[in-house]
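I opened the notebook for a fresh look at one model. The plan is to go from the whole chain down to single residues.

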Amino acid sequence: MSIITSNVSKVYGTQYALNNVSFEVQKGEIVGFLGPNGAGKSTMMKIITCFIPPTAGDVSVCGFDIWNDSLEVRKRIGYLSESNPLYYDMYVKEFLEFIAGIYHLKNVKQCIGEVIEMTRLEIEQHKKIGALSRGYRQRVGLAQALIHNPEVLILDEPTTGLDPNQLVEFRELIRQCGKKKTVLLSTHIMQEVEAMCNRVIIINKGNIVANNTMSELKEKVISYKKSKRDYEMSMEEVFHFLTKSD
Ligand code: ADP
Ligand code: MG
């Protein structure tokens, strides 16, 4: 199992950002992590990547525990966070060299060459990051997540704000990465999950409301439509039903 979260809670003040969340992601799966704004997606990802500790609960990544083996966990994870923090004054290659240094990589040139090719950054590789379009900045964000060849990729809303062409290209990139890696990907877009994921976990107000394979989710949608006698309903409308506020 690549990721196991058991009874994870995170409390901010009196607010439960996560409330007893348990799920597993198997090796090689691409799992979509869905939920409205404020559902707890980023909080869960920050816990898995050891950026913040949970208030309660356990997480293990590739058999290593976040409490006792946080460095081993971090070695195995590539993380593209929601804000994609980059140094805009750095050149693309300079930034990737900097990240390679953080991971103590030995064959730096080769690793950078490979991720530049993989994320198709070739034509922009000599520019400053500040001069890149949002789509290319996301590619740099993905390149830094891939540089140490991690087993697990955690991508927090990686496609938000991309134009339709960038969207198609970026999804293809993630799909390619998913052939060799375990991917947990948060998004708001149902079609994106349909296009890329084997399974979807939907979270709402810190609680899991669905954890299904795509075919199970489709079955669920069909039976929900039947119960409503509304066959015109889209996946988005079913998502809305599962996560709407009362
Ligand atoms: P999502 O990524 O699904 O939009 P988040 O995990 O960012 O949701 O946030 C979940 C909830 O936790 C939100 O209500 C958010 O305001 C709250 N939250 C997140 N980080 C903090 C923090 N550092 N301090 C207080 N509340 C926070
Ligand atoms: Mg978020």
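My entries follow, in the order in which I looked things up.

**Entry 1: the whole chain**

I note at the start that this is a predicted model. I looked up the secondary structure and found 9 helices and 10 strands in the chain. Next came the radius of gyration. It is 18 Å, close to the 18 Å that the globule rule gives for 246 residues, so the chain is as compact as a globular protein of that length. I then took the box along the principal axes: the C-alpha atoms fill roughly 55 × 40 × 30 Å.

How much of the chain counts as buried? I got 51% of the 246 residues. For contacts with a separation of 6 or more, I looked up the share that comes from residues 24 or more positions apart, and it is 67%.

**Entry 2: surface and charge**

I looked up the accessible surface of the chain, which comes to about 12,300 Å². Carbon and sulfur atoms hold 50% of that surface. I also took the charge count: 30 positive and 29 negative side chains. The centres of the two sets lie 0 Å apart.

**Entry 3: the magnesium ion**

Which residues coordinate the magnesium ion (ligand 2)? I found Ser42 through OG and Glu82 through OE, at 2.0 to 2.6 Å. Ser42 lies in helix H1 (residues 41–48), and Glu82 lies in the loop between strand S6 (77–80) and helix H3 (92–102), so the pair ties together parts that are 40 residues apart in sequence.

I checked how accessible each of the two is. Ser42 has a relative accessible area of 14%, under the 20% cut-off, so I enter Ser42 as buried. Glu82 has 44%, which makes it partly exposed. Water is not among the atoms, so the site may look incomplete.

**Entry 4: positive phi**

I looked for positive phi in residues other than glycine. Asn84 is one of my hits, with phi near 45°. Asn84 sits in the loop between S6 and H3, the loop that also holds Glu82. I asked whether Asn84 is buried or exposed. Asn84 counts as buried, at 8% relative accessibility.

Glu157 is another hit, and its phi is near 45° as well. I placed Glu157 in the loop between strand S7 (152–156) and helix H6 (164–178). Its relative accessibility is 8%, so Glu157 counts as buried.

**Entry 5: Gln144**

Where is Gln144? I found it in helix H5 (residues 134–146). Gln144 counts as buried, at 13% relative accessibility. I then listed its contacts, leaving aside neighbours within four places in sequence. Gln144 touches Tyr79, Leu80, Phe95, Leu96, Ile99 and Tyr103. I matched these to elements by residue range: Tyr79 and Leu80 fall in S6, while Phe95, Leu96 and Ile99 fall in H3.

**Entry 6: Trp67**

I closed with Trp67. It is found in the loop between strand S5 (64–65) and helix H2 (70–75). Trp67 is partly exposed, with a relative accessible area of 44%. What is Trp67 in contact with, beyond neighbours within four places in sequence? I got Pro53, Pro54, Gly57 and Asp58. For Pro54 I also took the spacing. Trp67 and Pro54 are 13 residues apart in sequence, and their C-alpha atoms are 9.7 Å apart in space.

Definitions and conventions. Residues are numbered from 1 along each chain as its sequence is written. Chains are lettered from A and ligands numbered from 1 in the order in which they are written. This is a predicted model: local features need pLDDT of at least 70, side-chain atom pairs count only at pLDDT 80 or more; totals for chains, interfaces and linings use all residues. Side-chain values use heavy atoms; hydrogens and water are left out. Helices (H or I, at least four residues) and strands (E, at least two) are DSSP runs, numbered from the N terminus. The radius of gyration is taken over C-alpha atoms; the globule rule is 2.2 Å times the number of residues to the power 0.38. Buried means under 20% relative accessible area, exposed over 50%, partly exposed in between (1.4 Å probe, protein chains only). Contact means heavy atoms within 4.5 Å. Accessible areas come from the Shrake-Rupley method with a 1.4 Å probe; for residues, only the protein chains shown count as cover. Lys and Arg count as positive and Asp and Glu as negative; His and the chain ends are not counted. The place of a charge is taken as NZ of Lys, CZ of Arg, CG of Asp or CD of Glu. Donors are N, O and S atoms within 2.8 Å of the metal (3.2 Å for Na, K and Ca); water is not among the atoms, so sites may look incomplete.
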